[in-house]
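This report looks at the surroundings of two ligands and then at a pairing between aromatic rings. Please keep the sequence and the 3D view at hand while reading.

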Amino acid sequence: MYFKIQYIMTTFQHIFASSIKPELKLIAEKVQNNIEISIEDGILLYKEVELSFLAVLANFIKEQKHGNNVYYNKNFHIEPTNICIHGCKFCSYSRKEGEDGAWEHTIEDIVKIVESYKDKSVTECHIVGGVHTNKDIHYYCKMLREIKKVAPELHLKAFSAVEIDHMITKSNLAIADGLKLLKNAGLDSIPGGGAEIFDEEIRKKICPNKTKSQKWLEIHETCHKLGLKTNATMLYGHIEKYEHRINHLNRLRELQHKTNGFMSFIPLKFKRYNNELSSVTETSTLEDLRNYCVSRIFLTNFQHIKAYWPMIGRDVAQISLDFGVDDLDGTVDDTTKIYTMAGVKENPAMNSDEIISLIKRVKKNPVERNSTYSRIERD
Ligand code: V47
Ligand code: SF4
């Protein structure tokens with residue numbers, strides 16, 4: 001750790017003494033002095049700056065926050081259904097009711113899945129799925145309550161703001177009242193899905209029917225006020241421009257200043273197979289690493305930047321740990337289909353030994369965390 005910070009500091013001295021653009025020196029100075037970079041700085045970083053420079057800045061922030069630690073969680077996913085009213089153009093996973101490939105688990109099925117993890121020392125269940133036409137909030141409250149009956153200690157990180165928007169609207173409730181019902185039924189936190197890209201023009205093109213950005217932010221803000229922590233994502237690498245990415249990050253940063261309720265930020269790389277945007281070329285690995293770096297540099301008020309390895313792959317997730325990332329989500333298990341259906345070949349399951357070894361092989365310190373980032377010590 002000491003060597004790393006010393007090395008980064010030396011690199012900063014080189015940057016200040018070099019003949020690079022004064023604007024870039026200014027950005028480096030801001031980072032070194034813990035001053036937030038501006039929107040213009042962020043766009044400049046995306047557009048003009050090479051990866052090695054971004055890595056120095058991103059790792060400086062990461063090292064300061066977490067030293068050599070890399071966090072992971074023992075978790076599994078349940079996707080109750082892929083039946084969805086929305087039909088987002090980037091989605092390879094959703095189906096209409098009765099269509100080939102549609103699935104829908106009953107609450108009993110879901111409870112059985114949870115029970116099958118009883119002896120596996122998992123601490124979190126991540127529940128996310130399609131926005132089902134006719135399920136209201138009382139159905140989802142029942143789901144949470146039934147799960148908690150068999151696994152009272154299990155942290156339920158459940159339902160994206162888009163699913164929550166639908167269930168609350170369907171039940172004619174105010175956002176806060178709906179969230180209170182879910183919280184009382186066992187909801188512990190909410191995942192970051194459904195954010196996509198906040199710019200409304202791009203949103204209209206890639207997911208025209210989805211919850212508007214303002215509402216997504218409002219739901220997260222209300223969660224934070226009610227004491228429910230949340231995550232945030234950004235779907236990138238489709239038709240958006242760098243300006244849209246920075247606008248997205250900036251809106252998250254502003255809300256975080258207000259509430260401090262976000263735990264981690266998770267960039268989600270667009271995967272093109274079996275969806276309506278399949279003519280778009282996917283971003284390169286270099287671009288993915290640059291994106292992790294800029295996210296880390298821009299979002300200094302977010303504690304964690306997460307590489308979701310079932311989407312990006314084990315190898316790139318491992319490399320990302322030297323590009324501002326400090327969190328690898330978790331063991332996940334092979335129950336998630338969002339990315340396999342969009343063309344990811346990775347088997348979405350790792351046991352703790354594998355994830356620990358993946359982290360150790362790049363000389364980092366694996367830390368098992370719970371869902372709110374407290375350290376878990378095991379024998
Ligand atoms: O909102 C859908 C994305 C998200 C594709 O909070 C796609 O810890 C890429 O939010 N290519 C759902 N992305 C998943 C999600 C998530 C994942 C991991 C951890 C957390 C967390 C949250 O998946 C959707 C959408 O942005 N998505 N299709 C696709 N073809
Ligand atoms: Fe439905 Fe989510 Fe797929 Fe959009 S991304 S179609 S909301 S399952």
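## Sorting the residues around ligand 1

To sort residues by class, Ala, Val, Leu, Ile, Met, Phe, Trp, Tyr, Cys and Pro are counted as nonpolar, Asp, Glu, Lys and Arg as charged, and the others, Gly among them, as polar. With these classes in hand, the shell around ligand 1 in this predicted model can be described as 10 nonpolar, 7 polar and 6 charged residues.

There are 23 residues around ligand 1, and those that come nearest are Lys 157, Gly 192, Gly 194, Glu 196 and Lys 306. Two strands, β6 (229–236) and β7 (262–269), each supply at least two residues of this shell.

## How ligand 1 is held

Ligand 1 sits in the largest cavity. Several of its oxygen atoms can be looked at through their polar partners: for Lys 306, a polar side-chain atom lies 2.7 Å from an oxygen atom of ligand 1, while for Lys 157 an N or O atom of the side chain is 2.8 Å from an oxygen atom of the ligand. Gly 192 takes part through its backbone, with an N or O atom 2.8 Å from an oxygen atom of ligand 1. Taken alone, ligand 1 exposes 620 Å², and the protein buries 95% of that area.

## The surroundings of ligand 2

The space taken by ligand 2 is likewise described as the largest cavity. Around ligand 2 are Cys 84, His 86, Gly 87, Cys 88, Phe 90, Cys 91, Tyr 93, Ser 94, Gly 130 and Lys 210, and by class this shell has 5 nonpolar, 4 polar and 1 charged residues.

## Aromatic pairs

A pair of aromatic rings is described by the distance of the centres and the angle of the planes. The structure holds 12 aromatic pairs, and one of them, formed by Phe 12 and Phe 60, is edge-to-face, with 5.1 Å from centre to centre and 85° between the planes. Because Phe 12 lies in helix α1 (residues 2–17) and Phe 60 in helix α4 (residues 51–66), the pair ties together parts that are 48 residues apart in sequence.

Methods. Residues numbered from 1 in each chain as written. Chains lettered and ligands numbered in written order. Predicted model: local features only at pLDDT ≥ 70, side-chain atom pairs only at ≥ 80, totals over all residues. Heavy atoms only, no water. Near = heavy atom within 4 Å. Polar contact = N/O pair within 3.5 Å; in protein donor to acceptor, adjacent residues only side chain to side chain. Areas by Shrake-Rupley, 256 points an atom, 1.4 Å probe, with all protein chains shown as cover. 1 Å grid on protein atoms, 1.4 Å probe; cavity = no way out; pocket = protein on both sides within 12 Å on 5 of 7 lines; lining within 4 Å. Sits in = over half its atoms within 2 Å of the grid points. Helix = DSSP H or I, 4+ residues; strand = E, 2+ residues; numbered from the N terminus. Phe/Tyr/Trp six-rings, centres within 6.5 Å; stacked < 30°, edge-to-face > 60°.
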